[in-house]
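Q: I have a model open and would like to learn how to read its features one by one. Could you walk me through them?

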Amino acid sequence: MLNSNKSLHKTEKGKGENTTLISGIENSKKATNCNIATNSRQSPAKNSADNAKIKPKQDEEERLKTVRQPIDDLLLDETKKLPPLVRIPNLTLTGPAFGDILMVVEFVRNFAHVLQIDLETVPKLDEIVAGIQNDPKHIMSFLRLTRTLLYLVLEFPGLPSGVAGRTALGQSLKEIGVHRENFSELMKMFLLSRCEKAQKLGIKLENCSFEYLDPVSKAAILAIFCNELLSCKNVMQEIESNTEEIIRLKGEKWLREGRSRALRGVQAKKRAGLHRKASLIFFMLTMLIQEMKDASENGVGSPHSSQSYGSEERVISPPLHSTPTLKALTPGLGQCDIITKEEEEMSIDQLEEYINKLNSEAEILRDKHNALSERVRTLPLGQDRFHRYFWSVPSYGAPLVESIASGSLNNPAVNIDITCADDPPSIVDDPYHYMDPDVIACVEDILDEMCVAEEKPDKGKKVRFRRLDNKCKRGWWTITNEKQVEQFRGTLHGRGIRERVLQRVLAKDASEFAYGKQLKFSTVSRSLTKFELNQSTCSRLANKVAALEQKVLAANFCCEPSRFIDTDDVDSEDSLDGWNRDDKYIFLKRQENDDDCDLVDCEEFKHIKRRLLGLEKNIERRYLLHRYHARSWIPAELILRAQEPSYNNLDQGNSNNDTVANGSSKVNMKKIDVNEQPVSSAIVCDESGDTLLLQKWRKFVEEAKTGGQVMLAIQALDAGVAWEKSIMKVCCQICRNNENESQLLLCDSCDFGYHLYCFRPRLSAVPPGDWFCPLCVQRACGKVLCLLCGQYSQSNVIVICSKCYYGYHPICFDRPPVVADAKQWTCPGCLNVAGSSTELKNALLNNDIEMGTDQQESGENNLNGMHDVIVGRPVYGHADTSIKPKSGHKRKLPPPDYDFPPDMLNSLFMTMIDEMWRLPESEPFRYPVDPRVVPLYRKIIKNPIDLSEIRSNIETQRYDRQEKFLEDVDKIFENCRKFNEDNSEIGAAGIALHKFYTKRWKQLRYNFSKRLKRLQTKHPRSDRPHSSCEAAGPSLAL
């Protein structure tokens, strides 16, 4: 009962407390409502006072919000002045030029292995900077780098196809090659086919060569080359592979860093467990000691003790320690968070060692990742308020700073046209004459002060006339030490959209820059003047013209050899190569009017053009190719009378225009009008026989303004001469091959050669009498004939080759070639000259003839009935095809023992020695053996002789008979066999040289004998006062 009364009393008491709490809440609500009503009845003046207190706070919040928003750096007012930076020492290039050169050097260094560029041949940055300013010591190394890049861009993307990819004279890149004298013209053709910026640079090359351009234009051209090469397949593959490698390295780095973090967590967990166990043990020991002390004081098991040692009510609770909460390890990217069983069983020390290993591997991967990233692209660190870029190029150590003059050219983010719209115009730099940027800035500052003074501002009013600082607009700078970085970082503004980013990067990476490596340049002593460049160009062109004159003289193609008197300026073959030529630029004293004159106004250049035009006029017209001269030197009636059986079948439908009278020497020929091209003809010529292409060549030489244009004219004239008509270079006009000379059939008018087995149908025998080739018949009758069958037919289409302008019936080939475009078609012979012999082998099946090359000497006795000189007339379409040349038996004519004239005999001997000299096997036999190197040679060889001694004997005309010459040559090989073993290096060279000499001597003697016989039997020319044999005397002496 007592307990129940107590609980009832407690319940009533609790109810009373709840009622009191509810009534208190209701009273507070009533009081709040009363206050609200009272405040609403107050006056409006008090409300406005409260609003006035709130408004400043709102304005301050808006101001702080505005302050936190980034704005353009040039629009900030409360800025600190940036500390001055150090200019790159001795840099005498403008900002854009140096920026382009720096990009070119980095591109070549990063992709040299892909583009197959030897880095040892690439000049250094300071050499390129000096060479681009025409420093005499480094200009050649710079030009070689330019040639290398030009080679690459001509290969890819290359010149455009069609007419745009040919020169003004119709030459292709394969025909002319890349030389120092013509590379400016090829560069111009490439630039004119690219973007608008490249076209502007190409227009500059129309009036001057590459060496004459200003440094800014040169650097811009090289930069365009590198940009074009970025789309090269090899470079793109390298970039893609580097990108994939960067991704892989980044993944490997993240994997090791993630595993290191996971293992750190395991290590921390184990350390926490050990610490918890140690704390528990320490607490248990402490309590045990305390219990023992209490037991000793009160006695163990005493009934008076309130608690005993074994009391169950005593609860031992260890102290709670705060342990770090570990994140659960879940598999992440690359499974880096998965901990294996072996790793969980590792001790703390083992984990520490493993973690250090992972961190070191991650550091190595980070370095590789950064190196590959720099090879793909170098990103700037940031920009300051004046739009200056900060670059960190590892090759040059300290950071480089680029001004807005070069950094804003291709950057659309530069908005100075808005932020600096009120700034006055700046001084324009002269690209040809460099001026220090600080000097230009001082001049602009003076001009600005004068303008401010004229405005007369109020006293105390700050006037900011220019936002973009003049000293920060041009040039390049470098940062020399870390202290300078800290000073510069302290002046950057945190609200600027550019400087806030640069400030963070400099704070993070300032200690990683290599300040010890500073970029320095050597002083350029002087630059080549225009006069020196003109003299160098004229010297190289004069050597080219002289070499062509000597070539014409050696081939006996000139009308008046005595006109060529300036033949002493011909250099060696190595010096004729402009890239290997050492231009020392030491000339005569310049004339007063030659200081600043252009090349086109130079008297030496005009003389070279007149000399080249004179050389063309002095070449006999019959030795020019058909595309340059289309007139026959033999009377047309003589040619047509000789070809009367086949000419009657040329065009029976047009007998009224072209008629041949039997037994009469008069032929009523249809004249070809210069202004009207016949339907079937591909060549238009004037009354003298010169074609429009030759007339265009003359006009091109007369209007040439650069050395490259003159070089193209020299190459075009060289390609327009039929060198195969020379006694040394007779080759077939169909297959363009000089093999099987015994099978060559020579024309009695133009001296062109044709293989008997290249005609279709084949000629089985040498035609008797005078024989004229299809080209001579074509010139005489005014019709384009097929070179294979020698006939003209309206039913069968004749296709004209775009290179040699020869006509062919496609059906006359054994396997007709594919003619996709008749205007761009190239014959198999021209393709064979270009190096592609597959088309020729497929079109003309002469395998049975070629198989018998090694057995041609065995068939000499079976062809005794052949004439020694191949003359005669084949009847096209009616040759006897029943007699076919047998495989292994080829026509070989043993030449008779002619008595050559002395001059012709010396020419024969010199030709043989020159061909032997050019072979690499002749190197041990060119000069006398040095007795100091081989002391026993003179004891064994009693009569030593070498090729240089034989050449000296030829020049002094000591060989009046062939026997003496052959005896000395044989003595060389006899001494070689006597002193050297056959399996030795020199012995093997002697055997190979003797084999070449034995075969080539027969061919040369045979060619010279044919030439002599033809000159002796030829009719005297109507336009020459002496016979052809007498006219050949002075030419052959040369």
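A: Happily! Let us start with a strand pair: S1 and strand S5 (residues 476-478) run antiparallel to each other, joined over two bridges. In that pairing, Val86 has Thr478 of S5 as its bridge partner. Keep in mind that this is a predicted model.

Q: What is the strand order of the open sheet, and which strands are at its edges?

A: Five strands make up this open sheet, in the order S1-S5-S4-S3-S2, and the pairing is antiparallel. Strand S1 (86-87) and strand S2 (382-383) are the edge strands, each pairing on one side only.

Q: Stepping back, how many helices and strands does the chain have?

A: The secondary structure comes to 34 helices and eleven strands. Of the 1038 residues in the chain, 43% are buried. As for the contacts between residues at least 6 apart in sequence, 73% join residues at least 24 apart. The accessible surface is about 57800 Å², and carbon and sulfur atoms account for 53% of it.

Q: How should I read salt bridges, and how many are there?

A: The idea is to look for a side-chain nitrogen of Lys or Arg within 4 Å of a carboxyl oxygen of Asp or Glu. By this rule, the count is 36. A good one to inspect is Asp438 with Arg87, where the closest N and O atoms are 2.9 Å apart. Because Asp438 belongs to helix H15 and Arg87 to strand S1, this pair ties together parts that are 351 residues apart in sequence.

Q: Are Asp438 and Arg87 buried or partly exposed?

A: One of each. Arg87 has a relative accessible area of 18%, so it is buried, the cut-off being under 20%. Asp438, at 30% relative accessibility, counts as partly exposed.

Q: Which salt bridge could I look at within helix H10?

A: Try Glu245 and Arg248, whose closest N and O atoms are 2.5 Å apart. These two are three residues apart in helix H10 (residues 233-298), so about one helical turn separates them. Glu245 is partly exposed at 28% relative accessible area, and Arg248 is partly exposed at 42%.

Q: What other salt bridges are worth a look?

A: Asp960 pairs with Lys964, with 3.3 Å between the closest N and O atoms. Lys964 is partly exposed, its relative accessible area being 32%. There is also a network of salt bridges that links Lys253, Glu257, Glu363 and Arg366.

Q: Which residues form a nonpolar patch on the surface?

A: The patch consists of Ile427, Met435, Val439, Val443, Ile446, Leu447 and Met450, and together they have about 590 Å² of accessible area. Take Leu447 as a sample: it is found in helix H15 (residues 437-455). With a relative accessible area of 42%, Leu447 is partly exposed.

Q: How many disulfides does the structure hold?

A: As a general idea, a disulfide is a covalent bond between the sulfur atoms of two cysteines. Here the number is zero. For the surroundings of individual cysteines, Cys781 is buried with a relative accessible area of 2%, and Cys976 counts as buried at 5%.

Q: What should I look for in the backbone?

A: Most residues other than glycine have a negative phi, and most peptide bonds are trans. Now for the cases here. The peptide bond from Phe156 to Pro157 is cis, with omega near 5 degrees, and Pro157 sits in the loop between helix H5 (139-155) and helix H6 (173-176). The bond from Arg760 to Pro761 is also cis, with omega near 0 degrees. Pro761 is in the loop between strand S9 (753-755) and helix H25 (774-781).

Q: Where do Asn90 and Tyr805 lie, and what is their phi?

A: Asn90 has a positive phi, near 60 degrees. Its place is the loop between S1 and helix H3 (95-115), and at 42% relative accessibility Asn90 is partly exposed. Tyr805 also has a phi near 60 degrees. Tyr805 is in the loop between strand S10 (799-800) and S11, and is partly exposed at 26%.

Q: What does Pro816 touch?

A: Leaving out residues up to four places away in sequence, Pro816 touches Pro810 and Ile811. Pro816 lies in the loop between strand S11 (807-808) and helix H26 (828-833). With a relative accessible area of 52%, Pro816 is exposed. The C-alpha atoms of Pro816 and Ala843 are 6.1 Å apart, while along the chain these residues are 27 residues apart.

Definitions and conventions
Residues are numbered from 1 along each chain as its sequence is written. This is a predicted model: local features need pLDDT of at least 70, side-chain atom pairs count only at pLDDT 80 or more; totals for chains, interfaces and linings use all residues. Side-chain values use heavy atoms; hydrogens and water are left out. Helices (H or I, at least four residues) and strands (E, at least two) are DSSP runs, numbered from the N terminus. Buried means under 20% relative accessible area, exposed over 50%, partly exposed in between (1.4 Å probe, protein chains only). Contact means heavy atoms within 4.5 Å. Accessible areas come from the Shrake-Rupley method with a 1.4 Å probe; for residues, only the protein chains shown count as cover. Patches are made of residues with over 30% relative accessible area and no salt bridge: like charges are joined within 9 Å, nonpolar side chains (Val, Leu, Ile, Met, Phe, Trp, Tyr) within 5 Å. A disulfide is a pair of cysteine sulfur atoms within 2.5 Å. Two strands pair if DSSP finds at least two bridges between them.
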